[in-house]
Amino acid sequence: MIHIALPKGRLGEKAYQIFKSLGYGCPEIEQDNRKLIFVNRENDVCYFWAKPSDVSVYVERGAADIGIVGKDILLEHGSDVYELLDLGMGKCRMAVAGIRGKRPPADRTLRVATKFPNIARRYYASQSREIEIIKLNGSIEIAPLLGLSDVIVDIVETGTTLLENNLEPYETILPISARLIANKASYKFHYDEIRRISEKIQEKGI
Ligand code: PRP
């Protein structure tokens with residue numbers, strides 16, 4: 001049986017449809033319920049919904065054989081997994097943003113609010129810029145508005161959240177998209193099946 005970690009939400013639902021189209025359907029998961037783990041013995045598959053930022057933990061530790069996760073999470077966690085495929089969905093970018101028209105001060109330590117301290121640290125280290133990280137867990141955009149930080153390092157997808165809060169992107173750090181990942185031991189143990197899944201997804205041009 002292959003165990004698949006799906007990120008809860010729209011990306012996970014789209015990813016499930018891909019697996020279904022490959023013959024890994026699981027009718028129960030399509031029902032409107034609050035269950036989190038679904039087994040289909042006919043197709044020899046087990047799915048579970050995980051918090052998107054936890055998917056790589058389940059895969060890295062072998063609780064899931066494969067999973068779907070954003071590149072942002074992989075970079076932030078430095079996950080020790082195989083990255084098999086760029087799925088080309090869940091596209092967005094990691095960016096530095098701040099108050100519209102107000103460039104951050106260059107003469108003192110930059111206060112950076114973010115959910116992604118490792119990505120932010122690496123980015124500013126590459127620029128030899130001294131920063132102070134303010135780790136938040138969500139609604140990052142309010143930090144510069146309330147004077148908590150000078151800038152934020154966060155995901156920008158449509159740009160609407162920035163726009164509607166009088167913020168603007170200053171710099172793009174890197175593009176992000178969803179990846180198919182595999183546990184390293186599972187990849188050896190279920191090699192044929194995982195390769196088949198990965199190749200079929202690629203063939204379908206997803
Ligand atoms: C993400 C990100 C931005 C928003 C960007 O937030 O942190 O706030 O989406 O999307 P947009 O460019 O399309 O407006 P998320 O919904 O994950 O919530 P949280 O970070 O506040 O928890």
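Here is a chat about the ligand and the pockets of this structure.

Trainee: Before we start, what kind of model is this?
Mentor: Residues are numbered from 1 along each chain as its sequence is written, and side-chain values use heavy atoms, with hydrogens and water left out. Local features need pLDDT of at least 70, side-chain atom pairs count only at pLDDT 80 or more, and totals for chains, interfaces and linings use all residues, since this is a predicted model.

Trainee: Which strand gives the most to the shell around the ligand?
Mentor: The ligand's surroundings include K115, E141, I155 and T158 (near means a heavy atom within 4 Å). Two elements, counted as DSSP runs from the N terminus (helices: H or I, at least four residues; strands: E, at least two), each supply at least two shell residues: helix 6 (160–164) and strand 9 (151–156). With three residues, the top contributor is strand 9.

Trainee: How far is the side chain of T158 from an oxygen atom of the ligand?
Mentor: Let's go through the polar contacts, meaning pairs of N or O atoms within 3.5 Å. E141 has a polar side-chain atom 2.5 Å from a ligand oxygen, and a polar backbone atom of E157 lies 2.8 Å from a ligand oxygen. For an N or O atom in the side chain of T158, the distance to a ligand oxygen is 2.5 Å.

Trainee: What is the volume of the largest pocket?
Mentor: That pocket is where the ligand sits, with more than half of its atoms within 2 Å of the grid points. A pocket here is an open set of points on a 1 Å grid over the protein atoms alone, where a 1.4 Å probe fits, with protein on both sides within 12 Å along at least five of seven lines; lining residues have an atom within 4 Å of a point. Taking the space filled by probe spheres set on the points, the volume is about 1100 Å³.

Trainee: Which residues lie closest to the centre of the largest pocket?
Mentor: Its lining divides into 17 nonpolar, 14 polar (Gly among them) and twelve charged (Asp, Glu, Lys and Arg) residues. Of the 43 lining residues, the closest to the centre are P52, D72, K115, F116 and I155.

Trainee: Which helix gives the largest share of the lining of the second largest pocket?
Mentor: This pocket has a volume of about 340 Å³. Its 15 lining residues include E13 and W49, which are among those nearest its centre. The largest share, three residues, comes from helix 1.

Technical notes. Polar contact = N/O pair within 3.5 Å; in protein donor to acceptor, adjacent residues only side chain to side chain.
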